[in-house]
Amino acid sequence: MTCVFLPVTLFAQQIKKPNVIVIMADDIGYGDLSCYGEKAIHTPNVEKLANQGVRFIDAHSVAATSTPSRYSFLTGHYAWRRTDTGVAPGDAGMIIRPEQYTVADLFKGAGYVTGAVGKWHLGMGDKTGEQDWNELITPGLKDIGFDYSYIMAATGDRVPCVWVENGSVVDLDSEDPIYVSYKTPFHGEPLGKTHPELLTLMKPSPDHGHDQAIVNGISRIGYMKGGKKALWKDENINDSIVAHGLAFIERNKEHPFFLYFATNDVHVPRVPHPRFAGKSGMGARGDALIEFDWTVGQVMETLERLGLRENTLIVLTSDNGPVVDDGYQDQAVELLGEHRPWGAYRGGKYSSFEAGTRIPFIVSYPGKVKEGVSKALVSQVDFLASMSELLGVSLTCDQKKDSQEQLSTWYGKDKKGRDYVVEQAGSLAVSDGEWKYISPSDKKSYEKLTNTELGNAPQDQLYFLKKDIGEKNNLAGRYPEKIKAFQRILELEKSK
Ligand code: NG6
Ligand code: CA
């Protein structure tokens with residue numbers, strides 16, 4: 001397929017450079033926010049944001065787990081084009097290499113100050129397992145366009161449990177160096193599996209495997225030793241993210257900025273600050289959702305206080321669908337009650353069924369975006385090209401690759417959006433909004449650990465989403481032509 005430059009100056013001519021903030025939640029599902037219709041949870045700040053913008057009901061992350069989803073969001077390239085973009089360990093080398101164009105490069109090139117705060121999960125340093133955590137870790141986010149970064153290398157449940165600011169571990173004591181390994185335990189360091197009596201804050205769920213290094217009374221994935229002063233306190237993770245995100249906004253109030261603000265909520269281990277304890281009645285997972293909502297309120301209040309709200313475009317979304325038990329005994333399952341994190345959809349995180357990638361997606365830009373609800377088909381991979389449209393920057397085909405200029409859709413004006421979205425989980429799936437095709441997979445069809453239907457099957461699956469949003473009736477046998485058409489789409493995408 002040929003790639004042509006589109007006239008991109010339309011929006012750019014009309015506006016002063018807006019600030020852009022992406023609030024990227026972790027594992028928050030379609031039904032986890034009250035503006036998406038679920039009654040058991042109350043998230044008023046997100047509701048307010050949704051009322052000041054467009055709320056999309058058919059928006060998708062590119063993948064049903066974090067690393068490939070975020071890779072695609074930040075680069076405009078489908079992660080499945082590479083084989084090394086699966087869920088990354090905490091000692092992964094930089095997955096987005098310095099030569100690759102990113103959304104941060106786009107904003108930086110347009111004169112913005114760029115920042116990334118919170119969960120990263122896309123690797124740091126040159127090679128997996130070879131970082132020296134006691135030195136400046138390079139390459140880092142600076143090399144892919146971020147002027148400022150304050151991040152956790154991977155996830156809350158993976159070592160190292162430290163903050164990395166502009167490539168250096170925060171609060172590191174040179175007398176107590178940090179060592180990290182995903183291969184061998186460190187001699188003399190207690191592990192979750194050998195010292196369960198030390199798991200004072202949270203225990204892992206049986207068989208999930210979060211039973212290695214113990215930090216703050218919680219066992220994690222991976223081994224680490226040292227760096228005691230630098231270790232984060234789980235209950236303060238969100239406050240640290242908020243403080244650094246808001247400080248970035250404050251520092252740059254006079255200058256256009258792009259902030260990738262990635263919360264740890266509601267990923268495991270879920271340890272919201274005690275001031276949110278019991279607020280949801282649903283245990284730690286629900287309380288983490290309330291903490292997330294508070295966080296969104298903090299961002300909005302700060303923008304209002306600084307007089308920046310009008311000129312700031314906010315995208316609020318999540319990296320993948322929801323999961324209830326993702327490895328720790330935090331009572332999320334027992335206390336879930338009537339709440340449906342996946343809304344009306346089937347599956348969840350890790351799944352090819354809709355709840356894997358159909359995520360909350362809100363675009364708010366007061367005065368510019370047409371407020372309301374949009375049914376348009378949206379993919380997060382379009383962030384790059386849509387922002388290039390906003391900024392009036394022409395991208396090469398290589399730079400934008402899979403990313404389409406969809407600004408008019410994101411502004412709530414174009415009601416159709418994409419022709420189709422590609423969803424990645426156990427195999428690739430394609431949805432055109434009405435029909436959905438899931439290509440055959442030889443992987444397990446049901447994940448017992450997380451109690452999630454993964455949607456993997458050795459045969460083709462075809463669902464008529466328009467009438468069957470729960471993906472219950474596989475119509476593959478009845479519509480061979482439809483299957484062929486979707487297979488052609490996937491072949492075309494793969495050949496790009
Ligand atoms: C899985 C972990 C899960 C979570 C996930 C990554 C096990 C059994 N489960 O491998 O707990 O960490 O990876 O989540 O190890 S994500 O949202 O960052 O993709
Ligand atoms: Ca995630």
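## Close-up views of T317 and ligand 1

**View 1. A polar contact links T317 and P360.** In this predicted model, a polar atom of the T317 side chain sits 2.8 Å from the backbone oxygen of P360. A polar contact is a pair of N or O atoms within 3.5 Å; within protein, one must be able to donate a hydrogen and the other to accept it, and residues adjacent in sequence count only if both atoms are side-chain atoms.

**View 2. The surroundings of T317.** Look for T317 in strand β12, residues 312–318 (strands are DSSP runs of E with at least two residues, numbered from the N terminus). Is T317 buried or exposed? T317 is buried, with a relative accessible area of 1% (buried means under 20%, exposed over 50%, using a 1.4 Å probe and protein chains only). Beyond neighbours within four places in sequence, T317 is in contact with residues including I23, M24, F361 and Q380 (contact means heavy atoms within 4.5 Å).

**View 3. Polar partners of ligand 1.** The side chain of K119 places an N or O atom 2.7 Å from a ligand oxygen. A polar backbone atom of D326 is 2.7 Å from an oxygen of ligand 1, and a polar side-chain atom of H267 is 3.0 Å from a ligand oxygen. Alone, ligand 1 exposes 460 Å², and the protein buries 86% of that (Shrake-Rupley method, 1.4 Å probe).

**Notes.** Local features need pLDDT of at least 70, side-chain atom pairs count only at pLDDT 80 or more, and totals for chains, interfaces and linings use all residues. Residues are numbered from 1 along each chain as its sequence is written, chains are lettered from A and ligands numbered from 1 in the order written, and side-chain values use heavy atoms, leaving out hydrogens and water.

Key: Helices (H or I, at least four residues) and strands (E, at least two) are DSSP runs, numbered from the N terminus.
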